[in-house]
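User: I have a structure open and would like to go through parts of it. Can we start with some helix packing?

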Amino acid sequence: MTGPLLDIADLSLRYGDTRILDRVSLRVDTGETVGLVGESGSGKSSTVRAALRLLPPTAQLDGSVRIAGRDVLGADARELRDIRSSEVALIQQDPRGALNPVRRIGDSLIERLVLVHGVARPEAKRRGLELLEAVGISRPELRFRQYPHELSGGMLQRVVIAAALTTRPALLLADEATSALDVTTQAEVLAILRDLQRERGLGLLFITHDLHLAAAYCDRVYVMLSGEIVEELQGADLFAGARDTYTRSLLDAVPTIREHHA
Amino acid sequence: MSTASTPLVVADSLRRTFQPARGADPVVAVDDVSFTISAGESLGLVGESGSGKSTIARILAGLERADAGSLTVDGRDRLVRGRGRRARLHRARQVQMVFQDPYGSLDRRLTVEQTLVHAMRLHGLAARADAGARVAELLDRVRLASAQGALKPHQLSGGQRQRVAIARAIAVSPSVLVLDEAVSALDVSVQAQILELLGEIRRDSGIALLFVSHDLAVVDEVTDRTLVLFHGRVVEHGATREVLRAPRHAYTQLLVSSVAGPGWDPHEVIERRAAFERQSDAPLR
């Protein structure tokens, strides 16, 4: 495949007369970590949901979205299901909401492999256990049999990441995926994601409200305001290089215990 | 009234144990925790999930009991509970609490004005005649427009709702305001405004603040002193500036270095965490 893993061009989203996204363009390349920052209601989550067409039927979409070169907006139901189940995975903030509370961790973990990809259960289980280990979960055999309420939030989010990786997607969309975790756990999950990215050349779109984290963790960062992308910067340049007035005001509002932009 | 020699809040050797399930080992959520807060002072409680910070906040607010230790506010014992309505109301009025989610803590059927009047009436503070004036003053205090008094929670933004929760808390003139992750769910620009508001309230009214947060940078903005908690115990206590900029305890050092900033590397945090766990013989939860 050539070209970016995720290529969103002039994407607009409206509900009737209400404009949610206005000509959003962004791309994520192989192995790249790209941040999407902005305040509540700026359109970060809508961009991701629109890119996967996870929107109510009243949504009016314009523009184009390509994932691994495949056209998402023009795809028929079958093609769309195939893109969603094999090219891309979405990780959201609340792992407890993502996992069925009355099913064992293992069953949720290998569900896509078994149901969508038709992998035999023993083989799926073997791969699932491997992935639990890869995301740093101790005693994977035990966890496989346990229920979500028996695991901490940090462990559950790692399970969700493992589940996202079972079908070997090329692109991960992380929507505030580590925001609810303790700082040390967040670092652990992010380190695991970075390792997996390097091993597998995964592209990562990292949505966060945490500007310091975006600056420290992302190669490039897009800043959103009222449904538009107002600025694109190198992660390392976010605090020093931002020129847009809105980006500056956002950066100035962030409290910090370090002295670098005081 | 508290005098210069006795702080407003005196907590001594607080302890609280929970039994997670029948037959399971008890969890010591708060273990021998002592602190003081003077009038007009702001104390931060930081630590990760399971550190006991919310339990301490809830004990101070009277929402949770302590198994051992003592706690006084303005010289009055808060752990030995008077049974009468007057005693309960006094306890509630003395320490008010603001939670993370104002949508969950406000009555969605009431307008802002009704919410404030309701709180004052409960404590016999608003005669019908001057309730309106008092409400106007409170709205002004938390920078809400007087027209917003007629709105219900769902018609307000998250930041506005949190202003209402703060207005309701200060409406009864408490001695202490307990804030449990009160700005954690807000956007940074809104967060900055609420933090400024809290600073003003503290300066103008002399209310003492107990500020619970996982966000070290926010704690740095609004507190004078900070307690760092780990597994229910205080591992470090001092002036906030020093605790966060020159942490002495290994756990505080781990927490501070975990906060993303220039040069932050998640792998380094993991190594630090592993080193801490080896050294302290206590796994992080």
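Analyst: This is a predicted model. In chain B, helix α10 (residues 250-258) packs with helix α11 (residues 266-280), their axes lying 10 Å apart at an angle of about 165 degrees.

User: What does that angle say about how α10(B) and α11(B) run, roughly parallel or roughly antiparallel?

Analyst: Roughly antiparallel, because angles over 145 degrees count that way. The crossing of α10(B) and α11(B) is left-handed.

User: Which residues make the contact?

Analyst: From α10(B) they are B:A250, B:Y251, B:Q253, B:L254, B:S257 and B:S258; α11(B) adds B:V269, B:R272, B:R273, B:F276 and B:Q279. Sorted by class, the contact has five nonpolar, four polar and two charged residues.

User: New topic: in what order do the strands of the chain A sheet come?

Analyst: The order is β2-β1-β4-β5, in an open sheet of four strands with antiparallel pairing.

User: Which strands stand at the edges, and why is one side of each left without a neighbour?

Analyst: They are β2 (18-28) and β5 (70-71) of chain A; each has a single partner strand, so one side has no neighbour in the sheet.

User: Does anything pack on that sheet, and what does it touch?

Analyst: Helix α1 (residues 44-51) of chain A packs there and touches β1 (6-15), β2 and β4 of chain A. The direction of α1 makes about 70 degrees with that of β2(A).

User: Back to chain B: where is B:V28?

Analyst: B:V28 is in strand β2 (residues 27-37) of chain B. B:V28 is partly exposed, at a relative accessible area of 24%.

Key: Residues numbered from 1 in each chain as written. Chains lettered and ligands numbered in written order. Predicted model: local features only at pLDDT ≥ 70, side-chain atom pairs only at ≥ 80, totals over all residues. Heavy atoms only, no water. Pairing = 2+ DSSP bridges. Helix = DSSP H or I, 4+ residues; strand = E, 2+ residues; numbered from the N terminus. Contact = heavy atoms within 4.5 Å. Axes fitted to C-alpha atoms, helices over the stretch in contact; angles between N-to-C directions. Buried < 20%, exposed > 50% of the residue type's maximum accessible area, 1.4 Å probe, protein only. Parallel < 35°, antiparallel > 145°, perpendicular 65-115°, else oblique. Left-handed = near helix turned anticlockwise from the far one by under 90°. Nonpolar A, V, L, I, M, F, W, Y, C, P; charged D, E, K, R; others polar.
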